[in-house]
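Open the model in your viewer and turn on the cartoon display. Keep the selection tool ready.

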Amino acid sequence: MTADFTDFLIPDTAVSVSGLTDYIRLLLEQDEQLRQIWVIGEVSSANHHRSGLFFTLQDPDGGAAIKCVVWNGQLPKLMQMPTVGEQLIVLGSIRLYPARGEYQLSVWQALPAGVGLQALRYQQLRNRLEAEGLFDPQRKRSLPLHPQTIAVVTSPTAAAWGDIQKTLKQRYPGLRILFSPAIVQGEQAPESIVKAIQRVERDGRAEVLILSRGGGAVEELACFNDERVVRAVANCSIPVITGIGHHRDESLVDLVADESVHTPTAAAERVVPALADLYNLHWQRVVGLQQVVHRELDSAENQLQGLRERLQRLRLDKQLQQQMQALTWRRQQLMQVTTSKFQQATQHLEMLRQKLVTLNPKAVLQRGYAVVRQENGIIVRNATEVAIGQELLIQLGQGEVIVKVTETRESKV
């Protein structure tokens, strides 16, 4: 049974198209998440208009698309200009276009996605670390000339580890090599490398550290651009040399290391000298030293011969004989004067000794005199200085006597 269309009740609350559009616009534009949202996609079309740049951003598989606009005032601020075929990450807000009933993304910023995003992040991190001074050449340390203990941080399964061992043993046998294994590729690599460096520092024996791995794709070397690894190398207590990748590869770790080369083998060659080279250098120095000695000896002999010839011409032998005679005469005079002075000094010394014997207090005591002292050691010179019953110390020529005063008498003039 079909109902006649006139049977439907048309409510008085029906809204206009603009009313519906305004309602939807309020829902979209007032949503907190949609007012500032990041969207990633591929640019499928782009058209410049007098008011701005209009482009379409779609999923790589073409399953969904959204129209976007960058107004002219915002275009100079974009880090990446939308170009057809490129992947972008855009920041913007959802806006509804009432005239067509379509929503679009009003874009404030556009960044490269994929490899471009990685390059951008790399450059941003590099600029920040460079501003901190981590790449300053003045903070880089010199590698030790003849290290005896070398630490190596790399993967135990990598060819780099084998190349380093082989090179070190060939160039400088007898070295102590401390191996601190690490994962050098993938998400776990940064933390693993940092821990490997910390193990070397805690051990404390290594004089220099080699951080290495072979070449690879950009994504495989990403761990060496990780900020954690860069700071671990920068803060390492011993010099660090890196041998990562090939000549075309450069990482932030290379920039912060004390020295960097482009292969693991080159790192091993740089960190120690070859014994054969040292041996050759040693013999070159020996030969050079011998040549210098011979030249100096020849020069000295020539000078000596010249002095001999001058001596013969100047008859210095006679002058020397006269000087020797004068020296002998002066020596005799000096001996006579010295002997006379010594005899006078001896006589004077004997006279002084006799005076000292005469003035010696003990000599007086030996003649029967005595020294009377009070208990406090003060010498008694007058009978009035003592009292009846006081003990006195009498020093004789041989020994001492303690007496007690029983009577005092004053001297009679």
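This tour goes from a barrel to an open sheet and the helices beside them.

This is a predicted model: local features need pLDDT of at least 70, side-chain atom pairs count only at pLDDT 80 or more, and totals for chains, interfaces and linings use all residues. Residues are numbered from 1 along each chain as its sequence is written, and side-chain values use heavy atoms, with hydrogens and water left out.

**Stop 1: the barrel**

Select strands 1 to 5. These 5 strands close into a barrel in the order 1-2-3-5-4, with mixed pairing. Helices (H or I, at least four residues) and strands (E, at least two) are DSSP runs, numbered from the N terminus. Two strands pair if DSSP finds at least two bridges between them. Neighbouring strands of this barrel sheet are turned by 50 degrees against each other on average, direction ignored. Angles run from 0 to 180 degrees between N-to-C directions; axes are lines fitted to C-alpha atoms, for helices over the stretch in contact.

Now pick residues 87–97, strand 4, and residues 102–112, strand 5. They pair in the antiparallel sense over 10 bridges. Which residue of strand 5 is the bridge partner of Ser93? Click Ser106 to see the partner.

Add helix 1, residues 17–29. Helix 1 lies across strand 4 and strand 5 and runs at about 140 degrees to strand 4.

**Stop 2: the open sheet**

Select strands 6 to 10. Here 5 strands form an open sheet in the order 7-6-8-9-10, and the pairing is parallel. Its edge strands are strand 7 (176–181) and strand 10 (259–261), each pairing on one side only. Neighbouring strands in this sheet are turned by 20 degrees on average, direction ignored.

Zoom in on strand 6, residues 149–154. Strand 6 pairs with strand 7 in the parallel sense over 6 bridges. Val152 stands opposite Phe179 in strand 7.

Next, show helix 5. Helix 5 packs on the sheet, touching strand 6, strand 7 and strand 8 (208–213). Contact means heavy atoms within 4.5 Å. Then show helix 8, residues 264–271. Helix 8 also packs on the sheet, and its direction makes about 165 degrees with that of strand 8.

**Stop 3: two helices together**

Select helix 5 (residues 189–203) and helix 6 (residues 227–234). Their axes come within 8 Å and cross at roughly 15 degrees. The two helices are therefore roughly parallel to each other (angles under 35 degrees count as roughly parallel). Show the contact residues, including Ile193 and Val194 of helix 5 and Ala232 and Val233 of helix 6.

Note on methods:
Angles under 35 degrees count as roughly parallel, over 145 as roughly antiparallel, 65 to 115 as roughly perpendicular and the rest as oblique.
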